[in-house]
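Here is a guided walk through the fold, from the overall layout down to single residues. Keep the viewer open beside the text and follow along.

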Amino acid sequence: MHEWALAEAVASFVHEKAKKPERIKIRLGELQNIDEEIFLFALKELMGQVDVEIENEECTLRCNVCKKEIKLKDINEEEREMIHFLPEAVHAFVSCPFCGSKDFSIEKGRGVVVESVEE
Ligand SMILES: [Zn+2]
């Protein structure tokens, strides 16, 4: 499962940084479509008692043609669903809701980042 693989990657990263981590802060990009409950459960299983703070980063796209900012809530439901299935292929099925262009950049909402680890 996606969430478990991520939790394992986070856990091994954290253990490299700290012997006894007490508190970690993780930023989850909306495009990753992570089930937070499963992810937190997996982290607890892998790391024991650690205080985990999750920060969700909303996805923002920027149209390269009309330069408008596009949020996931601006695009239609069908396209949004596709993004959640296949975030890496976002360019294939999303077009700018303002001008119809498929030329846009992903500005925010990608990836999973461990922001801080406290001992
Ligand atoms: Zn546009």
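Two residues are in contact if their C-beta atoms, placed from the backbone, lie within 7 Å. With that cut-off in hand, helix 1 can be placed: helix 1 lies across strand 1 and strand 6, and runs at about 35° to strand 6. Please bear in mind that this is a predicted model.

## Overall layout

The chain contains 4 helices and 6 strands. Read from the N terminus, the elements follow the order α-β-α-β-β-β-α-α-β-β. Taken along the principal axes, the box filled by the C-alpha atoms is roughly 50 × 25 × 20 Å.

Of the 119 residues in the chain, 16% are buried. Among contacts with a separation of 6 or more, 80% come from residues 24 or more positions apart.

## The mixed sheet

One open sheet of 3 strands has the order 2-1-6, and its pairing is mixed. Strand 2 (51–57) and strand 6 (112–118) are the edge strands, each of which pairs on one side only. From one strand to the next, the twist averages 15°.

How many bridges join strand 1 to strand 2? There are 7 bridges between strand 1 (residues 23–29) and strand 2, and these two strands run parallel. One place to look is R23, whose bridge partner in strand 2 is D51.

## Helix 1 against helix 2

Two packed helices are described by the angle between their axes and the distance between the axes. For helix 1 (residues 2–17) and helix 2 (residues 36–47), the axes come within 9 Å and cross at roughly 45°. The two helices are therefore oblique to each other, since angles that are neither under 35 degrees, over 145, nor from 65 to 115 count as oblique. The crossing of helix 1 and helix 2 is right-handed.

Which residues meet where the helices come together? Helix 1 contributes E3, W4, L6, A7, E8, V10, A11 and V14, while helix 2 brings I38, F39, A42, L43, L46 and M47. Sorted by type, the residues of this contact are 12 nonpolar, no polar and 2 charged.

## Two residues of helix 1

Both W4 and V10 lie in helix 1, and they make a handy pair to select. Is V10 buried or exposed? V10 counts as buried because 22 C-beta neighbours lie inside 10 Å, and the cut-off for buried is 20 or more. Leaving aside neighbours within four places in sequence, V10 is in contact with I26, L43 and V114. The C-alpha atom of V10 is 14 Å from that of K20, 10 residues apart along the chain.

W4, with 15 C-beta neighbours inside 10 Å, counts as partly exposed. From C-alpha to C-alpha, W4 and L40 are 9.4 Å apart in space, with their positions 36 residues apart in sequence counted as their separation.

## The antiparallel sheet

Strands of a sheet pair through backbone hydrogen bonds, either parallel or antiparallel. A further open sheet of 3 strands has the order 4-3-5, and here the pairing is antiparallel. Its edge strands, each pairing on one side only, are strand 4 (69–71) and strand 5 (104–108). On average, and with direction ignored, neighbouring strands of this sheet are turned by 35° against each other.

Strand 3 (residues 60–63) pairs with strand 4 in the antiparallel sense over 3 bridges. Within that pairing, L61 stands opposite I70, and R62 has E69 as its bridge partner. Strand 3 and strand 4 form a hairpin with 5 residues between them, and K67 in the turn has a positive phi of about 65°. Towards strand 5, strand 3 runs antiparallel and is joined by 4 bridges, with C63 standing opposite F104.

What are the two faces of strand 3? L61 and C63 make up the covered face, whereas T60 and R62 make up the uncovered one. So the same strand can be read residue by residue: L61, on the covered face, stands opposite I70 in strand 4, and R62, on the uncovered face, has E69 as its partner in strand 4.

Definitions and conventions:
Residues are numbered from 1 along each chain as its sequence is written. This is a predicted model: local features need pLDDT of at least 70, side-chain atom pairs count only at pLDDT 80 or more; totals for chains, interfaces and linings use all residues. Axes are lines fitted to C-alpha atoms, for helices over the stretch in contact, and angles run from 0 to 180 degrees between N-to-C directions. A crossing is left-handed if the near helix is turned anticlockwise from the far one by less than a right angle, and right-handed if clockwise. Ala, Val, Leu, Ile, Met, Phe, Trp, Tyr, Cys and Pro count as nonpolar, Asp, Glu, Lys and Arg as charged, and the others, Gly among them, as polar. Two strands pair if DSSP finds at least two bridges between them. A residue is buried if 20 or more other C-beta atoms lie within 10 Å of its own, exposed if 12 or fewer, and partly exposed in between; C-beta atoms are placed from the backbone.
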